[in-house]
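Visitor: Please take a close look at the ligand site and at how the helices around it pack.

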Amino acid sequence: MKLPLPTRKKASPVDGNGDDPAAPVEQAGPSKAEKRAAMKTAAIHHSAEGGATAAGWVDQRVNASGIYTALLTRKVPKGTNWFYTLGSATMFIFAMQAITGVFLSMYYTPSATQAYASIAHLTNDVFMGEFVRGLHKWGASLMIILIFLHMARTFFFGAYKYPRELNWVIGVVLIILTMVMGLTGYLLPFDQRSFWATIVANNITASGPVVGPYLADFLRAGPDFSATTLSRFYALHMLAVPGLIGALIGAHLFLVVKLGTTAPPWVRAARPKGARPTEMVAAGVPVAVSDGPDAPDAAPANGAGPEGAAEEAGESTPDDAGPDGEVSA
Ligand code: HEM
């Protein structure tokens, strides 16, 4: 049995009760608290039904349908465009790197004497080995390109501002870790080019301020650039860094779902009740516009106040009904 979800009614200035235009206008839809209560009841009801099938049994325990709804049917602001797919594209490439990396690791030997030979064997003899290696190698460059484009998108759309600063900071750590993946992976074939290039990179690291020399020592894993360095890079590349990236992507997505995405800067947000039209703000008109009983008596002449709220109104959060412009993803 399906429980009806609350729908939002639009109030009209004349049809309060259908006959009498002077009668009080009907309130617009249920309140936020009422909606939450109805959704909670529906969720409890659905989870009670969950035991009926195997999928329902799992869903009841892990709330997979809730996660699916939050990720794939969340509301996004009006004006959302292809630039918003760059984060997902980065994530897709990360997943591809993880999968191809697992297959490469089945043939790779992390030893200074055998690494090169194991890669040569993988490339020349193993079925589809060259293809999988190629995917992993090109994927590494593509991930760096996509992550930078995604960062540029969030920067130019002002998505780093309140309340998404933490997601920006997580993103900065992600971009550093992605570059560490590139550095540590480059050494693994242990051929002439990767060996000498990594020595250069290590020397550059050592020249960094304060932590530089310590970091370079840690990466070199000994007085010389040797077999221990390869083991260290291998452990970082296979385990530590991908694990961290995976965990941080989880936190990053959690915040995206929790906070919603930022509307493109060219999408004009809805004017909140009581705020003056932009033209009046620009002209320095100090009187308030009466949009209803909640309108303020006098708006500040510098236009401070409503704009911030208006900006937020143009964005989507899963909890809010949001402006009319919102569409489902
Ligand atoms: C492994 C790397 C990354 C993955 C998989 C990833 C994934 C995503 C996804 C799927 C979204 C939501 C949709 C979108 O806007 O594309 C998103 C949003 C966001 N990302 Fe990333 N991201 C990564 C790296 C970064 C970096 C390097 C930064 C910045 C330094 C960053 C900052 C943000 C911000 C601020 C948002 C919120 C966007 C908004 O509110 O419109 N991310 N990320």
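Guide: Axes here are lines fitted to C-alpha atoms, for helices over the stretch in contact, and angles run from 0 to 180 degrees between N-to-C directions. The model is predicted: local features need pLDDT of at least 70, side-chain atom pairs count only at pLDDT 80 or more, and totals for chains, interfaces and linings use all residues. Residues are numbered from 1 along each chain as its sequence is written.

Around the ligand there are 28 residues (C-beta atom, placed from the backbone, within 6 Å of it), and Gly87, Met91, Ala159, Gly171 and Thr261 come nearest. Two or more residues of this shell are given by each of α4 (86-105), α6 (129-156), α7 (165-187) and α10 (227-259); helices are DSSP runs of H or I, at least four residues, numbered from the N terminus. The largest share, seven residues, belongs to α7. By class the shell has 16 nonpolar residues, 11 polar and one charged, where Ala, Val, Leu, Ile, Met, Phe, Trp, Tyr, Cys and Pro count as nonpolar, Asp, Glu, Lys and Arg as charged, and the others, Gly among them, as polar.

α7 also packs with α8 (residues 192-206), at about 140 degrees and with the axes 8 Å apart. That angle makes α7 oblique to α8; angles under 35 degrees count as roughly parallel, over 145 as roughly antiparallel, 65 to 115 as roughly perpendicular and the rest as oblique. Leu183, Tyr186 and Leu187 of α7 meet Ser194, Ala197, Thr198 and Ala201 of α8, contact being C-beta atoms, placed from the backbone, within 7 Å. Five residues of this contact are nonpolar, two polar and none charged.

Note on methods
Two residues are in contact if their C-beta atoms, placed from the backbone, lie within 7 Å.
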